[in-house]
Amino acid sequence: MAAYYTLPNAAKLLGSLAITNSYDSVIDPACGSGTLLVAAYQAKRRLHLGDFDNLAHTKFLEDDITGVD
């Protein structure tokens, strides 16, 4: 058994390269502590047009970002 941790800077770079608009969906099938998922959320939020309200936040978490561990 081994554990591989994604460094936050690497996750941020991957999120900015992989997420091209706020409508992109993300799945991380080995999310562990969720570093890549957090980076994806932050990238989607930066690209979101208009007001970022609770509805957008909920949509991101419930529909667009999925993690399995």
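1. A residue is called buried when its relative accessible area is under 20%, exposed when that area is over 50%, and partly exposed in between. This cut-off is needed for several points below, and it is applied here to a predicted model.

2. The overall fold may be taken first. The chain contains three helices and two strands, and these elements follow one another along the sequence in the pattern α-β-α-α-β. Along the principal axes, the C-alpha trace extends over about 45 × 20 × 15 Å. The radius of gyration is 12 Å, which agrees with the value near 11 Å that a compact globule of 69 residues would have.

3. As to surface and interior, 28% of the 69 residues count as buried. The chain exposes about 5,200 Å², and carbon and sulfur atoms supply 58% of that area. Among contacts between residues at least 6 apart in sequence, 63% join residues at least 24 apart.

4. The charged residues deserve separate attention. The chain carries 5 positive and 8 negative charges, and the mean positions of these two sets are 8 Å apart. The number of salt bridges comes to two.

5. One salt bridge pairs D64 with K44, with 3.2 Å between the closest N and O atoms. This pair links distant parts of the chain, since D64 belongs to helix α3 (residues 54-64) and K44 to helix α2 (residues 35-47), 20 residues apart. D64 has a relative accessibility of 4%, which is under 20%, and therefore counts as buried. K44 is likewise buried, because its relative accessible area is 0%.

6. The other salt bridge joins the side chains of K59 and D64, at 3.0 Å from N to O. K59 counts as partly exposed, because its relative accessibility is 37%. Through shared partners, the salt bridges join K44, K59 and D64 into one network.

7. Which residues does S22 contact, leaving aside its neighbours within four places in sequence? They are K44, L47, H48, F60 and D64. S22 itself lies in the loop between α1 and β1 (26-28). With a relative accessible area of 8%, S22 is buried. Two of the contacts named here, K44 and D64, are also the partners in the salt bridge of 3.2 Å.

8. H57 is placed in helix α3. Is H57 buried or partly exposed? H57 counts as partly exposed, because its relative accessibility is 30%. Apart from neighbours within four places in sequence, H57 is in contact with Y41 and F52. The C-alpha atoms of H57 and R45 are separated by 8.5 Å, and these residues are 12 residues apart along the chain.

9. N9 offers a further case, on helix α1 (residues 8-18). N9 has a relative accessible area of 66% and is therefore exposed. From N9 to T35 the distance is 9.7 Å, C-alpha to C-alpha, while the two are 26 residues apart in sequence.

10. In summary, a reader new to this structure may begin with the network of K44, K59 and D64. Within that network, K44 is buried, D64 is buried and K59 is partly exposed. The loop residue S22 is in contact with K44 and D64, among others.

Methods
Residues are numbered from 1 along each chain as its sequence is written. This is a predicted model: local features need pLDDT of at least 70, side-chain atom pairs count only at pLDDT 80 or more; totals for chains, interfaces and linings use all residues. Side-chain values use heavy atoms; hydrogens and water are left out. A salt bridge is a side-chain nitrogen of Lys or Arg within 4 Å of a carboxyl oxygen of Asp or Glu. Helices (H or I, at least four residues) and strands (E, at least two) are DSSP runs, numbered from the N terminus. Buried means under 20% relative accessible area, exposed over 50%, partly exposed in between (1.4 Å probe, protein chains only). The radius of gyration is taken over C-alpha atoms; the globule rule is 2.2 Å times the number of residues to the power 0.38. Contact means heavy atoms within 4.5 Å. Accessible areas come from the Shrake-Rupley method with a 1.4 Å probe; for residues, only the protein chains shown count as cover. Lys and Arg count as positive and Asp and Glu as negative; His and the chain ends are not counted. The place of a charge is taken as NZ of Lys, CZ of Arg, CG of Asp or CD of Glu.
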